[in-house]
Amino acid sequence: MVNVWIYRDTSGRLAGTDLTGYKVEALDGSIGKVDKHSDEVDASYLVVDTGPWIFGKQVLLPAGTVSLIDMDEQKIDVELTKEQIKSAPEFDKEKHLGDVQYQSVLGGYYGGTAHRA
């Protein structure tokens with residue numbers, strides 16, 4: 001079982017680097033920019049502001065969905081399609097950032113989709 005809440009060893013993640021503002025690219029195009037991120041042990045994630053793409057909503061992506069972080073280009077590639085991200089359980093930062101049950105649901109969703117992309 002893969003832990004979707006930790007960065008892959010091959011992602012290029014350097015602990016302590018501020019990823020806020022980095023562009024986020026799905027397999028089939030840009031999805032937005034990082035609004036917030038966490039490096040908590042076994043609970044790392046990105047909150048992505050999707051702008052006009054999903055009507056200004058934010059999405060929470062577990063760190064394990066990140067395939068590559070390009071520090072020079074300030075770009076993060078995720079191993080998901082736009083449709084997989086759009087179909088994810090809805091994110092509400094007021095309710096979900098500290099919600100273990102929501103993280104479990106999201107982990108199940110991305111754990112089942114992240115490695116089939």
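Trainee: What is the relative accessibility of Asp42?

Mentor: This is a predicted model, where local features need pLDDT of at least 70, side-chain atom pairs count only at pLDDT 80 or more, and totals for chains, interfaces and linings use all residues. Numbering starts from 1 along each chain as its sequence is written, and side-chain values use heavy atoms, leaving out hydrogens and water. Asp42 counts as partly exposed (between buried, under 20% relative accessible area, and exposed, over 50%; 1.4 Å probe, protein chains only), because its relative accessibility is 45%.

Trainee: Which strands lie on either side of the loop that holds Asp42?

Mentor: Asp42 has a positive phi of about 60 degrees, although Asp42 is not a glycine. Its loop lies between two strands (DSSP runs of E, at least two residues, numbered from the N terminus). They are S2 (29–38) and S3 (45–49).

Trainee: What is the relative accessible area of Gln74?

Mentor: Gln74 sits in the loop between strand S5 (66–70) and strand S6 (75–78). Its phi is positive, near 50 degrees, in a residue other than glycine. Gln74 is partly exposed because its relative accessible area is 43%.

Trainee: Is Gln58 buried or exposed?

Mentor: Gln58 belongs to strand S4 (residues 58–62). Its relative accessible area is 19%, so Gln58 is buried.

Trainee: With which side chain does the side chain of Gln58 make a polar contact?

Mentor: Leaving aside residues up to four places away in sequence, Gln58 touches (heavy atoms within 4.5 Å) Asp35, Val47, Val48, Asp49, Phe91 and Lys93. A polar contact is a pair of N or O atoms within 3.5 Å; within protein, one must be able to donate a hydrogen and the other to accept it, and residues adjacent in sequence count only if both atoms are side-chain atoms. At 2.8 Å, the partner of the Gln58 side chain is the side chain of Asp35.

Key. Helices (H or I, at least four residues) and strands (E, at least two) are DSSP runs, numbered from the N terminus.
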